[in-house]
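Open the model in your viewer and keep the selection tool at hand. We will go stop by stop, and each stop says what to pick next.

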Amino acid sequence: MSITNLELDIVGDGPEESTLKSLAKGVEGIHFHGAQNQEEILSNYFEQCSLVFIPGHTGLSINHAFLYGRGYITLDVEKHARKYTISTKGTMDTYSKATNWIMLTF
């Protein structure tokens, strides 16, 4: 199975940013936008996306995702903020399959 014409917009920053940029170098369709905290800017990303994936602290992003009716995927790690630990146990393969299903379904 392959997905064509997929755009990946990465909004935010963190300790893995340089690693991700290095891995994405030369790959079409991956865009880095840095940290954003203005609703006018964030709303554009949420309106255009198909799903939201947050690998760490979820914070208000989960509220934004649900407000805009977007699917939300996160990892089951101990680093989540206490109030927003919403996750499903699984492997990266599980998350990959879930993401593919969501992209193809919606």
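In which sense do strand S1 and strand S2 pair, and over how many bridges? Select residues 8-11 for S1 and residues 30-34 for S2. The two strands pair in the parallel sense, over 4 bridges. Keep in mind that this is a predicted model.

**Stop 1: the whole chain**

Zoom out for a moment. The chain has 106 residues, and 20% of them are buried. Count the elements: there are 4 helices and 4 strands. Follow them from the N terminus and the order reads β-α-β-α-β-α-β-α. Now think about contacts between residues with a separation of 6 or more. Of these, 26% are between residues 24 or more positions apart.

**Stop 2: S1, H1 and S2**

Go back to the opening pair of strands. Select isoleucine 10 and look across to S2, where phenylalanine 32 stands opposite. Now add helix H1, residues 17-24. Together, S1, H1 and S2 make a right-handed β-α-β unit.

Next, pick aspartate 13. This residue lies in the loop between S1 and H1. Is aspartate 13 buried or exposed? Aspartate 13 has a relative accessibility of 55%, so it counts as exposed, the cut-off being over 50%. Draw a distance from its C-alpha to that of phenylalanine 32. The two are 19 residues apart in sequence and 8.9 Å apart in space.

**Stop 3: S3, H3 and S4**

Move along the chain. Select strand S3 (51-54) and helix H3 (61-67), then strand S4, residues 71-74. S3 and S4 run parallel and are joined by 4 bridges. With H3 added, S3 and S4 make a right-handed β-α-β unit.

Check two positions across these strands. Phenylalanine 53 stands opposite isoleucine 73 in S4. Isoleucine 54 stands opposite threonine 74 in S4.

Stay on threonine 74. Its relative accessible area is 4%, so this residue is buried, under the 20% cut-off. What lies 2.5 Å from a polar atom of the threonine 74 side chain? Show the backbone of isoleucine 54: its oxygen is the atom at that distance. Then find histidine 57. Threonine 74 and histidine 57 are 17 residues apart in sequence, yet 8.9 Å apart in space, C-alpha to C-alpha.

**Stop 4: the nonpolar core**

Which residues make up the largest nonpolar core? Select Leu42, Phe46, Val52, Ile54, Ile62, Ala65 and Tyr72, 7 residues in all. Colour them by element. Helix H2 (39-48), S3 and H3 each supply at least two of these residues. In soluble globular proteins, nonpolar side chains tend to be buried together.

Now isolate alanine 65. Set aside its neighbours within four places in sequence. The contacts that remain are Phe46, Val52, Arg70 and Tyr72.

**Stop 5: serine 61**

Select serine 61, which sits in helix H3. Serine 61 has a relative accessibility of 15%, so it counts as buried, again under 20%. Show side chains here. A polar contact of 3.1 Å joins serine 61 to tyrosine 72. Beyond neighbours within four places in sequence, serine 61 is in contact with Phe46, Ile54 and Tyr72.

**Stop 6: an aromatic pair**

How many aromatic pairs does the structure hold? There are 2. One of them is formed by phenylalanine 46 and tyrosine 68, and this pair is stacked. The ring centres are 5.7 Å apart, with 10° between the planes. Why does the pair tie together separate parts of the chain? Phenylalanine 46 lies in helix H2, while tyrosine 68 lies in the loop between H3 and S4, so the pair links parts that are 22 residues apart in sequence.

End on phenylalanine 46. At 9% relative accessibility, this residue counts as buried. You have met phenylalanine 46 already: it belongs to the largest nonpolar core, and both alanine 65 and serine 61 are in contact with it.

How values were computed
Residues numbered from 1 in each chain as written. Predicted model: local features only at pLDDT ≥ 70, side-chain atom pairs only at ≥ 80, totals over all residues. Heavy atoms only, no water. Core = buried A, V, L, I, M, F, W, Y, C linked by side-chain atoms within 4.5 Å. Buried < 20%, exposed > 50% of the residue type's maximum accessible area, 1.4 Å probe, protein only. Contact = heavy atoms within 4.5 Å. Polar contact = N/O pair within 3.5 Å; in protein donor to acceptor, adjacent residues only side chain to side chain. Pairing = 2+ DSSP bridges. Right-handed = clockwise from strand over helix to strand, strands pointing away. Phe/Tyr/Trp six-rings, centres within 6.5 Å; stacked < 30°, edge-to-face > 60°.
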